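Hi there,

Here is the structure I promised to pass on to you. Have a look at it first, and then read on for my notes.

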Amino acid sequence: MQLYHHPFDLDSQKVRLALEEKSIDYTSHHVNPVTGKNFDSSFFKMNPGGRLPVFQNGSHILYKTIDIIQYIERIAVFSSGSENISSSNKEVIEWMQKVQEWNPKYFSLSNVPEKYRIYVSKFLRRVVIARMSECPELAGAYHRKLKEAYQTEERVKDSDVLIRSKEHLVRLLDEAEKQLSETPYLAGQEFTMADVMLIPVLSRLVLLDLEKEYITGRPNIAEYWVLVQQRPSYRKVIGRYFDGWKKHKTLVKTWCFVRIRSLLKRY
């Protein structure tokens, strides 16, 4: 089993948490979307959308986060041969879908300093153009990504888009706060795939220095956040890259790569 992912990517974090929680062995392939590695022709041929994560088991390839996680659950059930392991129930799936309905893209970009956001955006557009010239048979797919990049820049400047994204996030967190006042985890007394979906959202808020605004003021989520950070899966998937000083190391490494490639015009 192969997983194409990156620590920066929210959906990649969700899938990796599921794999770690279910103790599934897999081969990891880092594909950094900030440096444009998801536009390399070998990856793009497999996934013309260029999005992460991608899960491959033999000839079976999955792109959608919830589909991948449910597939992982089925693998865990089959591998264990135990009746004590079951797939997610209706309540868990409903929570998974609620969390996944919030798109973090514009919210996240709007909270990145403008000079860095614009610099990386220009770099990625040049990467797409370079890959297009190297692999003309995929020119149509690359052209769509280029158009999408320009549209993203416009939408990040659209206050209505940002307000809707923020309001959606607030509704999600308020609903989670209410649920966590009744149960220790999002879908009941036990840790489930619903929690796997929510943890990366909270981590992203912390990474963007928005913990005080969105987490601290919700006491049940704040308590929950402390609890889930103790899990080995969190420490392996997210903590090792973003806890404390580590986030600066992770971000600076990528920023230096983008700067050097830009200066050398090597896209």
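Let me start with a lysine: lysine 14 is buried, with a relative accessible area of just 3%, where anything under 20% counts as buried. Its side chain meets that of aspartate 11 in a salt bridge, with 3.2 Å from N to O. Both lysine 14 and aspartate 11 belong to helix H1 (residues 10-21), and they sit three residues apart, about one turn of the helix. Please keep in mind that this is a predicted model.

Helix H1 also takes part in a second salt bridge, as glutamate 21 lies in that helix and arginine 231 in the loop between helix H11 (219-228) and helix H12 (232-242), so the pair ties together parts that are 210 residues apart in sequence. The side chains of arginine 231 and glutamate 21 come to 2.9 Å, N to O. Arginine 231 is partly exposed at 22% relative accessible area, and glutamate 21 is partly exposed as well, at 23%.

Next, a third pair: glutamate 148 and lysine 105 form a salt bridge whose closest N and O atoms are 3.7 Å apart. This pair also links distant parts of the chain, with glutamate 148 in helix H7 (residues 139-156) and lysine 105 in helix H5 (residues 105-110), 43 residues apart. Salt bridges with shared partners join Arg51, Lys105, Lys145 and Glu148 into one network. Lysine 105 is partly exposed, at 29% relative accessibility. The search of the whole structure found 14 salt bridges.

One residue towards the other end of my notes is threonine 250, which is found in helix H13 (residues 246-264). Threonine 250 is buried, with a relative accessible area of 16%. Beyond its neighbours within four places in sequence, threonine 250 is in contact with Phe8, Tyr241 and Phe242.

Now for the protein as a whole. It has 13 helices and four strands. Its radius of gyration is 19 Å, close to the 18 Å that the globule rule gives for 267 residues, so the protein is as compact as a globular protein of that length. The C-alpha trace spans about 55 × 45 × 35 Å along its principal axes. Buried residues make up 46% of the 267 residues. Of the contacts with a separation of 6 or more, 71% are between residues 24 or more positions apart.

As for the surface, the accessible area comes to about 14,000 Å², and 51% of that belongs to carbon and sulfur atoms. The protein has 41 positive and 32 negative charges, and their mean positions are 10 Å apart.

Best wishes

Terms used:
Residues numbered from 1 in each chain as written. Predicted model: local features only at pLDDT ≥ 70, side-chain atom pairs only at ≥ 80, totals over all residues. Heavy atoms only, no water. Helix = DSSP H or I, 4+ residues; strand = E, 2+ residues; numbered from the N terminus. Buried < 20%, exposed > 50% of the residue type's maximum accessible area, 1.4 Å probe, protein only. Contact = heavy atoms within 4.5 Å. Rg over C-alpha atoms; globule rule 2.2 N^0.38 Å. Areas by Shrake-Rupley, 256 points an atom, 1.4 Å probe, with all protein chains shown as cover. Lys, Arg positive; Asp, Glu negative; His and termini not counted. Charge placed at Lys NZ, Arg CZ, Asp CG, Glu CD. Salt bridge = Lys/Arg side-chain N within 4 Å of Asp/Glu carboxyl O.
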